[in-house]
Amino acid sequence: MCGRYRLSRRKQIIEEHFDSVSGDEDWSPRYNIAPTQPILVIRQHPKEPVRELSLMRWGLIPSWSKDPSSGLSL
C-alpha cells in the first residue's frame with residue numbers, strides 16, 4: 001500500500017458531521033498520512049446506533065501473512 005491522503009478537518013467538525021462521540025485519543029488535522037501511521041476511523045456498534053471516533057493503524061496485512069510486519073512498506 002503506497003497511497004497517502006489527508007484529514008484536514010478538526011475533531012469537533014468531524015464529531016458534529018457524523019454525529020459521533022470520541023474516545024480519549026487526541027488528534028489534529030494532518031496533510032500527509034502514510035501507511036503505518038495512526039488514523040481516525042468512525043466505528044458503529046452493530047447493535048446500538050452509536051458512532052465512535054477511534055485511532056487505528058492504517059495499512060494492509062495480506063491474508064496469507066503470518067507476521068504483521070510483512071505488510072509494512074518502507
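**Exercise 1.** Leaving aside neighbours within four places in sequence, which residues is Glu25 in contact with? Work from the predicted model shown above, and place Glu25 in the chain before listing its partners.

*Solution.* Begin with the location: Glu25 is found in the loop between β2 (20-22) and β3 (30-33). Next consider its accessibility, which is 33% in relative terms, so that Glu25 counts as partly exposed, given that this class lies between the limits of 20% and 50%. Then list the partners: once neighbours within four places in sequence are set aside, Glu25 is in contact with Lys11, Leu53, Ser54 and Leu55.

**Exercise 2.** Take Lys11, one of the partners of Glu25, and determine where Lys11 lies, whether Lys11 is buried or exposed, and what Lys11 touches.

*Solution.* The secondary structure comes first, and here Lys11 belongs to helix α1, which covers residues 11-17. The relative accessible area of Lys11 is 19%, and because the limit for a buried residue is under 20%, Lys11 is classed as buried. Finally, beyond its neighbours within four places in sequence, Lys11 is in contact with Ser22, Gly23, Glu25, Asp26 and Trp27, so that Glu25 appears here again as a partner.

**Exercise 3.** Describe the surroundings of Ser54, another partner of Glu25, and identify which side chain shares a polar contact with the side chain of Ser54.

*Solution.* Ser54 lies in strand β5, made up of residues 51-57, and with a relative accessible area of 6% this serine is buried. Not counting residues up to four places away in sequence, Ser54 touches Glu25, Ile39, Leu40, Val41 and Arg43. Among these, Arg43 is the residue whose side chain is joined to that of Ser54 by a polar contact of 3.3 Å. As a last step, compare two members of the list, Glu25 and Leu40: they are 15 residues apart in sequence, and their C-alpha atoms are 9.5 Å apart in space.

**Exercise 4.** How many aromatic pairs are counted in the model, and what is the geometry of the rings of Tyr5 and Trp58?

*Solution.* The count comes to one aromatic pair. The ring centres of Tyr5 and Trp58 are 5.2 Å apart and the ring planes stand at 90°, and because planes over 60 degrees apart count as edge-to-face, the pair is assigned to that class. The pair links distant parts of the chain, since Tyr5 is in strand β1 (residues 5-7) and Trp58 is in the segment after β5, 53 residues apart. To finish, compare accessibility: Tyr5 is partly exposed at 33% relative accessible area, whereas Trp58 is buried at 17%.

Note on methods
Residues are numbered from 1 along each chain as its sequence is written. This is a predicted model: local features need pLDDT of at least 70, side-chain atom pairs count only at pLDDT 80 or more; totals for chains, interfaces and linings use all residues. Side-chain values use heavy atoms; hydrogens and water are left out. Helices (H or I, at least four residues) and strands (E, at least two) are DSSP runs, numbered from the N terminus. Buried means under 20% relative accessible area, exposed over 50%, partly exposed in between (1.4 Å probe, protein chains only). A polar contact is a pair of N or O atoms within 3.5 Å; within protein, one must be able to donate a hydrogen and the other to accept it, and residues adjacent in sequence count only if both atoms are side-chain atoms. Contact means heavy atoms within 4.5 Å. Rings of Phe, Tyr and Trp (its six-membered ring) pair if their centres lie within 6.5 Å; planes under 30 degrees apart count as stacked, over 60 as edge-to-face and the rest as tilted.
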